[in-house]
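This report describes one protein model, moving from single residues to the barrel, the cores and a pair of helices. Please keep the structure in view while reading.

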Amino acid sequence: MVKNAHEALRKDVRLLGELLGRLLKEHGGVLLYEKVEQVRRLAKEARAGGKPAFSKLQHVLSELPLEQAYLVARAFYHFLALANVAEQHHRVRRRRHYERDAAATPQRGSCADVFARLLSGGMSADTLFHAVSQQRVELVLTAHPTEVSRRTLLRKYNHIELLLSERDRPDLTVAESEAVVRSLAAEILSLWETDELRRRRPTPKDEAIGGLFIVEQTLWDAVPAFVRQIDDTLMSMCGKRLPLDAAPVTFGSWMGGDRDGNPNVTASVTREVCLLSRLIAARLYTQQLEKLRADLAVTRCNAALRARVGDVREPYRVLLTQLRDRMAATAGYLEKSQTGQGDTADSTSGVSLIHRVDDLREPLLLCYQSLVECGLSELANRELLDLIRRLAAFGLSLVRLDIRQESQRHTETLDALTVALGLGSYKSWNEEQRQAFLIAELNSRRPLTPIGFVADPQVEEVLATFRTIAETNRESLGCYVISMAQAPSDVLAVVLLQREARMLDPLPVVPLFETLADLESAGDTLRQLLALETYRERIGGRQQVMIGYSDSAKDAGRLAAAWALYRAQEEIVSVCREAGVAVTLFHGRGGTVGRGGGPTYLAVQSQPPGSVDGTLRVTEQGEMIQAKFSTLGIALRTLELYTTSTLLATVQPPADPKPEWRTKMNDLAAAAAASYREMIRETDGFVEYFRQATPEQELSLLNVGSRPARRSKGGGVESLRAIPWVFSWTQTRLMLPAWLGVERALSETIGMTSDGKLTSGGVLEEIQTMYREWPFFQSTLDLIEMVVAKADLPIADLYDQVLVQPSLQPLGAQLRARLKQMETVLLTITEHDELLQNNPVLKRSIQVRNPYVDPIHVLQMELLRRRRQGVEDDQVNVALSMTINGIAAGMRNTG
């Protein structure tokens, strides 16, 4: 099966490549086609070891006129994007093979696989059923600037994937198969004729529309299908079905709510986005109710439904028609509200609007119960049950919007208020004074804001945000996240500002610990906070805490950040347990390994014991949203992996690491952080080298996000956000953020010299044992290995030769030597003969892609050289943007 499956993937890629080549010849001209073929041939020869071929490749590409350079970059970009579509489709095809073959072993990580393993391992059916029924996973979609593809292109990619699925049908006639190929050719032509680049920077509302697009196009159907899958598996293995209100997976969003460092996200934007999500949800529910109304032309009903609708022939249709009309009226009201035309009355058409989940859930449950009591369970458990499941997962807003703001903005707001009240400067008070003031105000009934208070624009925006939250439908909102939280007063400040805005049902306040120092003190901060009775009586017995992967890794390097995150989670769980408070950990993971990303299953399974405990909240960022939820099959697999990995981490958590392993990790983390910081903070010329060797300064050409790339103007690496920091190194294939510092720490520990030889003073066997027996350590090194396998020393070297001044080139040579050392250390510890020895699929994917990414790298270097030499030309910027897109497509990663 595996061989045949891989052959099917090769055939798909070959077909898409042939169709693209035919298009280039017919619509781009023979000269373009021949140039692309020449470049492709030279790149393949170069990858096979031909240095003259690579030199010829450089020469050919450096001589290209701008217009042709742009077209060549486009051609290779489109091939890589099409290869991505084929790989996505192949994943779905493999999953369907497992499900289609009843005799086959269930796919690893599937519900059937994990549930069966737990039952065979001694877990009772009742215990399994209870664990699954009570589990809660929330995926929070964020709009960090990492998705480089336009939404228009994403729709076309999805259509190509559907056509590949159609082509897999074994019953296609010759004519039908040829028609599918013609449709594929037409779709690829449509891609070629579409502008791939954003010509303006997206607004926060644009980003929110992009996130809601994925929900509307894929998740709306994937969620009920997935819950049905869990339901059927539980029924077959445990003899029970999920409760009707079960929601194993729900969704949140930061798009339009994350104002940390983004002045474009204002109170009015938040209001618009909340209305937009409710409007799209109302339209979807209206469509679903119309479909259900048409299907349920049933005459039999129970007494409760009869009492509701009266003596009518088709009781379900009558009630569902009423619901459809109310939901349609609600959509109309929300559409007018978006433009400021909404009436404050509940309805302007005599139809009561639907503003709460219970307004819709209660009549749907009434229909469901009636069908069951009348012996029509088969009808109840089809579209009607799917709609009830959707309501449990999506509510009336599809996603619940979180609000995020930086702690200093709250401090400045309270400072303005205390100064206006004549109480002094809140900013100048120590932590004890701040807490005393905040607690006194929370226990007081008087308003904090003085009459006639006039704030500066920044303070007014903070206060306006709280007023907007108070006026917004509570079911549309999630929680309030405080970035750069460092003390209990940071949390109390938000509690007070919510009360000041007259919020009857305030949002849970979530401190976000993201730098190494803040992670190390997170436990103490939380212990102080939970010791305050004024705070504890307001949280309902549960505290949510967010831990940030991106900034901690940028601050101290990958290994030190991973260990700090692990220990912080342990401490947070322990503190909450001592206080008798349940905890939900919110993981702010990025898409790349350098920002805490990586395979879902591996990430969840390597968390500290007790840290998951049936609940998981995690961000899905940028291009990872498309990678994980673009099609129904991919979305189903993603939801499945989140569910089963969370279940296993809850009921079968890994053992605590041995004390000696903890000691060793403390030493490794300290050494890695010191080495990482020495390079990026203390090495003369590093910042200038970074700016010359990478396209960091040119990333703004992409228009990929509404948020500025830097937290503040000017400055070095410390002011740069984690996303462009990782994005820049990915473009040059040095992949520095994922490994820098780790190679030194591990080399010193196992006694490896710079030339790869082992001395007698190391503890290699102990490190190898840690790798084999400790899931956290194994997953950390495996993820670094995955990134190192994507790195490319000759390409990184070439960027230096073309772009970096001679005096800084030795620094680049040093970094490449350290990357080579990282590879040697990894192979020694893992006892592998080659990188990705245990992941041949990814290894093959990288090898196939390299010859198609190489020409884009060479073009990018040439275009960067021209631009930096003063060639001010829009064509240069457009072509350069295309190369950045192309490399991102080839690497399947941005930031």
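In which helix is A8 found? A8 lies in helix α1, which covers residues 2-28. The model is a predicted one, and the descriptions below should be read in that light.

## Two residues in helices

A8 has a relative accessible area of 22% and is therefore partly exposed, since the buried class holds residues under 20%. In sequence, 78 residues separate A8 from A86, while in space their C-alpha atoms are 9.7 Å apart.

A second example is K790, which belongs to helix α32 (residues 775-790). Is K790 buried or exposed? With a relative accessibility of 12%, K790 counts as buried, because the limit for that class is under 20%. K790 and D260 are 530 residues apart in sequence, and the distance between their C-alpha atoms is 32 Å.

## The barrel

Eight strands form a closed barrel in the order β1-β2-β3-β4-β5-β6-β7-β8, and their pairing is parallel. On average, neighbouring strands of this sheet are turned by 25 degrees against each other, with direction ignored.

The table lists several of the strand pairs, with their bridges and one pair of facing residues for each.

| Strand pair | Number of bridges | One pair of opposite residues |
|---|---|---|
| β1 and β8 | seven bridges | V137 and L616 |
| β1 and β2 | five bridges | L141 and S253 |
| β2 and β3 | two bridges | S253 and L401 |
| β3 and β4 | five bridges | R404 and V481 |
| β7 and β8 | two bridges | F586 and R617 |

Strand β1 consists of residues 136-142, and strand β8 of residues 615-621; the two run parallel. Besides the β1 and β8 residues in the table, E138 stands opposite R617 in β8. R617 is also the bridge partner of F586, and strand β7 (residues 582-588) pairs with β8 in the parallel sense. In a similar way, S253 of β2 is the bridge partner of L141 and stands opposite L401 in β3.

How many of the residues of β8 are buried? Seven of the seven are, so strand β8 is largely enclosed by the rest of the structure. T615, R617, T619 and Q621 point one way from β8, whereas L616, V618 and E620 point the other way, and all of them are buried.

Strand β2 (residues 249-253) has four buried residues out of five, so β2 too is largely enclosed by the rest of the structure. Strand β3, made of residues 400-406, is mostly covered, with five of its seven residues buried. Its partner β4 spans residues 477-483, and the two strands run parallel.

## The nonpolar cores

The largest nonpolar core contains 186 residues. Which of its residues touch the most other members? They are F686, W725 and F777. Helix α4 (residues 66-100) supplies the largest share of this core, namely 15 residues. There is also a second, separate core of 89 residues, and I214, L219, L360 and L364 are among them. In soluble globular proteins, nonpolar side chains tend to be buried together.

## Helices α4 and α7

Two packed helices are described by the angle between their axes and the distance between the axes. The axis of α4 and that of helix α7 (residues 151-167) come within 10 Å, and they cross at roughly 50 degrees. The two helices are therefore oblique to each other, because such an angle is neither under 35 degrees, nor from 65 to 115, nor over 145. The crossing in which α4 passes α7 is right-handed.

Which residues of α4 meet α7? On the α4 side they are Y77, A81, L82, V85, A86, H89 and V92. On the α7 side, the contact involves L153, Y157, I160, E161, L164 and S165. A86 thus appears twice in this report: in the contact with α7, and as the residue whose C-alpha lies 9.7 Å from that of A8.

Definitions and conventions
Residues are numbered from 1 along each chain as its sequence is written. This is a predicted model: local features need pLDDT of at least 70, side-chain atom pairs count only at pLDDT 80 or more; totals for chains, interfaces and linings use all residues. Side-chain values use heavy atoms; hydrogens and water are left out. Two strands pair if DSSP finds at least two bridges between them. Axes are lines fitted to C-alpha atoms, for helices over the stretch in contact, and angles run from 0 to 180 degrees between N-to-C directions. A nonpolar core is a set of buried Ala, Val, Leu, Ile, Met, Phe, Trp, Tyr and Cys residues joined through side-chain atoms within 4.5 Å. Buried means under 20% relative accessible area, exposed over 50%, partly exposed in between (1.4 Å probe, protein chains only). A crossing is left-handed if the near helix is turned anticlockwise from the far one by less than a right angle, and right-handed if clockwise. Contact means heavy atoms within 4.5 Å.
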